Each structure stands twice: as structure tokens, then as C-alpha cells.
Amino acid sequence: MKFPIFFENSKVPVLLSKIAPIEINALSFFIFVFARSTLDERVRRHETIHYKQQIEMLFVFQWIMYGYFHLKGLLSGLKGSEAYYMNPFELEAYDNDETTDYLIKRKPYAWVRYWRKM
């Protein structure tokens, strides 16, 4: 079986968008990616980058750090959507989701270099 497992046309992103600071199109959680519609290759790559980040940090530690970075952004005066986009995990994914061979060339813990941008 190939991971992550993609679920397109899912209600999960729609429901989570009601409490999130942004409208969620897709999200990676554990070995699953939930998307509100069909996914193009760029978004598949973006979510697979998050999947790789989660594997590196044994899933739970990535979720904890993701929350930490988001809270740090909010406490530094950023709006919810700004804190989302400044999160190092998102910075890596958005910076590289259009590079077709990024997942092949990506080094472990590549998101760490984006930590300094916060």
C-alpha cells in the first residue's frame, strides 16, 4: 500500500474549516489526507510533504510542534491566517509543492531551516 492514503471529496476539511483560521482544502493527518474535492499534483505533493514531516517526528511530536508554532505566531501578534502561513511546516510545504522532484530530493527535517523565518 502506498502512503499517504488520499480521501477526496471528504467532509473532514469542510467541518474543520468552521473552527480553523483559514478555509481548509486538504489536510494530512497520520497516514491519511482528507480533501474537500479532487486533488491536483501540487496539492498532493504539499500534503505528502506534511506526511513526511509527521513521519520524521513520530506523528504526535509534529502535531505538538505545529500547535506550538501556531500559538507562537498568535502570541507575537499575527492573525490566525498569518500564523498558519508563517508556520515552518507550512513554509516548507508551500515553498516546495510546485517542485516535481522535491519529495525525492528532500532531506530529513528540511522544515527546520524555515524555523528561522518565524
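Lys-105 is exposed, at 59% relative accessibility. In this predicted model, Lys-105 pairs with Asp-101 in a salt bridge, and their closest N and O atoms are 2.9 Å apart. Asp-101 is partly exposed, with a relative accessible area of 27%.

**Salt bridges**

The structure has six salt bridges. Three of them are set out below.

| Pair | N to O distance | Relative accessible area |
|---|---|---|
| Asp-101 and Lys-105 | 2.9 Å | Asp-101 27%, Lys-105 59% |
| Arg-44 and Glu-8 | 3.2 Å | Arg-44 22%, Glu-8 30% |
| Glu-92 and Arg-106 | 2.5 Å | Glu-92 0%, Arg-106 12% |

Are the side chains of Glu-92 and Arg-106 buried or exposed? Glu-92 is buried, at 0% relative accessibility. Arg-106 is buried too, with a relative accessible area of 12%. Both values fall under the 20% cut-off for buried residues. The two side chains meet in a salt bridge at 2.5 Å, N to O. This pair links distant parts of the chain, 14 residues apart. Glu-92 sits in helix H5, and Arg-106 in the loop between helix H6 (102-105) and helix H7 (112-115).

Glu-92 and Arg-106 also belong to a network. Shared salt-bridge partners join them with Glu-56.

Arg-44 and Glu-8 form another salt bridge, at 3.2 Å, N to O. Arg-44 belongs to helix H2, while Glu-8 is in the loop between strand E1 (5-7) and H1, so their contact ties together parts that are 36 residues apart in sequence. Arg-44 is partly exposed, with a relative accessible area of 22%. Glu-8 is also partly exposed, at 30%.

**The largest pocket**

The largest pocket holds about 780 Å³ of space. Its lining counts 26 residues, and the closest to the centre are Ile-24, Leu-27, Tyr-66, Tyr-84 and Glu-90. Five elements give two or more residues to this lining: strand E2 (26-29) and the helices H2 (41-56), H3 (60-75), H4 (80-86) and H5 (88-96). Which element gives the largest share? H2 does, with six residues. By class, the lining has 15 nonpolar, seven polar and four charged residues.

**The second largest pocket**

The second largest pocket has about 190 Å³ of space. Its lining consists of Lys-2, Phe-3, Pro-4, Phe-6, Glu-41, Arg-44, Arg-45, Thr-48 and Leu-103. H2 again leads, giving four residues to this lining. The class count is four nonpolar, one polar and four charged. Arg-44, the salt-bridge partner of Glu-8, is one of the lining residues.

Two further lining residues, Phe-3 and Pro-4, are joined by a cis peptide bond, with omega about -5°. Pro-4 lies in the segment before E1. Most peptide bonds are trans.

**Positive phi values**

Most residues other than glycine have a negative phi. Asn-9 departs from this, with a positive phi near 55°. Asn-9 is in the loop between E1 and H1. At 54% relative accessibility, Asn-9 is exposed.

Phe-30 also has a positive phi, about 60°, although it is not a glycine. Its place is the loop between E2 and strand E3 (32-35). Phe-30 is partly exposed, at 36% relative accessibility.

**Nonpolar surface**

Phe-30 is part of a nonpolar surface patch, together with Phe-29, Leu-58, Val-60, Phe-61, Trp-63 and Ile-64. Together these residues have about 670 Å² of accessible area. H3 gives the most to the patch, with four residues. Leu-58 lies in the loop between H2 and H3. Leu-58 is exposed, because its relative accessible area of 60% is over the 50% cut-off.

Leu-15 is another exposed leucine, at 54% relative accessibility. Leu-15 lies in helix H1 (residues 12-17). The C-alpha atoms of Leu-15 and Arg-116 are 32 Å apart, and 101 residues separate the two along the chain.

Definitions and conventions:
Residues are numbered from 1 along each chain as its sequence is written. This is a predicted model: local features need pLDDT of at least 70, side-chain atom pairs count only at pLDDT 80 or more; totals for chains, interfaces and linings use all residues. Side-chain values use heavy atoms; hydrogens and water are left out. On a 1 Å grid over the protein atoms alone, a cavity is a set of points where a 1.4 Å probe fits but cannot get out, and a pocket is an open set with protein on both sides within 12 Å along at least five of seven lines; lining residues have an atom within 4 Å of a point. Grid points are joined across faces, edges and corners, and a volume is the space filled by probe spheres set on the points. Ala, Val, Leu, Ile, Met, Phe, Trp, Tyr, Cys and Pro count as nonpolar, Asp, Glu, Lys and Arg as charged, and the others, Gly among them, as polar. Patches are made of residues with over 30% relative accessible area and no salt bridge: like charges are joined within 9 Å, nonpolar side chains (Val, Leu, Ile, Met, Phe, Trp, Tyr) within 5 Å. Accessible areas come from the Shrake-Rupley method with a 1.4 Å probe; for residues, only the protein chains shown count as cover. A salt bridge is a side-chain nitrogen of Lys or Arg within 4 Å of a carboxyl oxygen of Asp or Glu. Buried means under 20% relative accessible area, exposed over 50%, partly exposed in between (1.4 Å probe, protein chains only).
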